[in-house]
Amino acid sequence: MAIQLGYYKLYGRSRATYEAATTRAFAHGRTETCRSVSSESVAFCELFEAAGATSAEAKLAALQAAVRAHGAYAKMCGEGRGVDRHLLGLRLSLRPGEEKPEIFRDAAYAESSHWYLSTSQLSSEHFEGWGFSEVVPDGYGVAYTIRKDAVILHIAAMKNEFGLSSDHLAHYIKEAASEMRAVVLACKAKEAKL
């Protein structure tokens with residue numbers, strides 16, 4: 001969620017995000033697209049960035065709801081119940097010259113499959129660094145490693161007419177993670193006093 005909030009801080013909106021989800025439990029399984037943006041993640045970003053006072057408890061509840069929704073969808077993807085590989089199969093089954101079904105010509109489908117954020121994680125105490133590149137010229141690639149006491153990010157973006165800045169996104173992801181941590185700690189401190 002820190003990546004989602006960091007992007008939201010930089011651009012003021014949530015956009016299509018690809019996260020690799022493994023399907024290795026299946027014969028010849030590789031990956032499915034775990035779409036990280038959900039109604040819950042958007043509500044979380046909006047609440048954290050809302051002007052005015054919002055309680056730490058409300059922010060924590062929004063964060064927890066977004067994490068639960070993401071976890072549930074990631075689990076579905078790992079079980080082969082995601083949508084993108086099925087849609088890919090349908091697209092690849094078209095014969096040369098055959099008209100694309102309406103869903104593949106829909107502007108909402110095109111926008112929801114333009115990966116402004118393309119992310120993947122490899123959590124291990126043993127990897128010092130690795131990368132994951134952007135997949136569209138106006139997008140970022142974010143590789144992240146979760147360790148026992150650290151999160152390591154590698155952010156990639158093309159130098160082109162879109163003027164993206166990996167440094168700016170990194171700044172806002174760090175800011176987002178710090179704010180999320182502060183909310184969790186504030187709520188834990190209140191609980192300890194009860």
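Me: Let's start with a definition: angles under 35 degrees count as roughly parallel, over 145 as roughly antiparallel, 65 to 115 as roughly perpendicular, and the rest as oblique. In this predicted model, are H1 and H7 perpendicular or oblique to each other?

Reply: The axes of H1 and H7 cross at roughly 120° and come within 7 Å. The perpendicular range stops at 115 and the antiparallel one begins over 145. The crossing angle of roughly 120° lies between those limits, so H1 and H7 are oblique.

Me: Good start! Which residues of H1 make the contact with H7?

Reply: On the H7 side, the contact is made by His168, Leu169, Tyr172, Ile173, Glu175, Ala176, Ala177, Glu179 and Met180. By class, this contact has 11 nonpolar, 2 polar and 3 charged residues. The H1 side consists of Ala2, Ile3, Leu5, Gly6, Tyr7, Lys9 and Leu10.

Me: How many residues of H1 are buried?

Reply: The buried residues of H1 are Ala2, Ile3, Gln4, Leu5, Gly6, Tyr7, Tyr8 and Lys9. What covers them includes S1, H2, S3, S4 and H7. H1 is therefore mostly covered, where buried means under 20% relative accessible area. Out of its 10 residues, the number buried is 8.

Me: H2 is among the elements covering H1. Is H1 oblique or parallel to H2?

Reply: H1 and H2 have their axes 10 Å apart and pack at an angle of about 55°. Roughly parallel needs an angle under 35 degrees, and roughly perpendicular starts at 65. The angle of about 55° falls between these two cut-offs, so H1 is, relative to H2, oblique.

Me: And how do the residues of the contact of H1 with H2 divide by class?

Reply: From H1 come Gln4, Leu5, Tyr8 and Lys9. H2 brings in Ser41, Phe44, Cys45, Glu46, Phe48 and Glu49. Sorted by class, they are 5 nonpolar, 2 polar and 3 charged.

Me: What about H2 and H7: are they parallel or perpendicular?

Reply: Their contact is made by Phe44, Phe48 and Glu49 of H2 with Glu179, Met180 and Val183 of H7. The axes of H2 and H7 come within 12 Å and cross at roughly 85°. Since 65 to 115 degrees counts as roughly perpendicular, H2 and H7 are roughly perpendicular.

Me: Let's look inside. Which element supplies the largest share of the largest nonpolar core?

Reply: The largest nonpolar core has 26 residues, and those touching the most other members are Leu5, Phe44, Leu117, Tyr140, Val142, Leu169 and Met180. At least two residues each come from H1, H2, H3, S4 and H7. The largest share is 6 residues, and its source is H7.

Me: Val142 is one of those well-connected core residues. Which residues is Val142 in contact with, leaving aside its neighbours within four places in sequence?

Reply: We skip the residues within four places of Val142, and look at what remains. Among these partners are Leu117 and Leu169, which are also listed with Val142 as touching the most other core members. The full set is Ile3, Leu117, Ser118, Thr119, Ser120, Phe132, Leu153, His154, Ile155 and Leu169.

Me: Now a loop residue: is Arg147 buried or exposed?

Reply: Arg147 lies in the loop between S4 and S5. Beyond its neighbours within four places in sequence, Arg147 is in contact with Ser124, Glu125, Phe127, Glu128 and Ile152. Its relative accessibility is 16%, and the cut-off is under 20%, so Arg147 counts as buried.

Me: Is Lys75, by contrast, buried or exposed?

Reply: Lys75 lies in helix H3. Its relative accessibility is 53%, and the cut-off for this class is over 50%. Lys75 therefore counts as exposed.

Me: How far apart in space are Lys75 and Arg35, C-alpha to C-alpha?

Reply: In sequence, Lys75 and Arg35 are 40 residues apart. For another pair, Ser93 and Trp115, the separation is 22 residues in sequence and 23 Å in space. For Lys75 and Arg35, the C-alpha to C-alpha distance is 12 Å.

Me: Last one: what pattern does the chain follow along the sequence?

Reply: The chain has 7 helices and 5 strands. Buried residues make up 34% of its 194 residues. Read along the sequence, with α for a helix and β for a strand, the pattern is α-β-β-α-α-α-α-α-β-β-β-α.

How values were computed
Residues are numbered from 1 along each chain as its sequence is written. This is a predicted model: local features need pLDDT of at least 70, side-chain atom pairs count only at pLDDT 80 or more; totals for chains, interfaces and linings use all residues. Side-chain values use heavy atoms; hydrogens and water are left out. A nonpolar core is a set of buried Ala, Val, Leu, Ile, Met, Phe, Trp, Tyr and Cys residues joined through side-chain atoms within 4.5 Å. Buried means under 20% relative accessible area, exposed over 50%, partly exposed in between (1.4 Å probe, protein chains only). Helices (H or I, at least four residues) and strands (E, at least two) are DSSP runs, numbered from the N terminus. Contact means heavy atoms within 4.5 Å. Axes are lines fitted to C-alpha atoms, for helices over the stretch in contact, and angles run from 0 to 180 degrees between N-to-C directions. Ala, Val, Leu, Ile, Met, Phe, Trp, Tyr, Cys and Pro count as nonpolar, Asp, Glu, Lys and Arg as charged, and the others, Gly among them, as polar.
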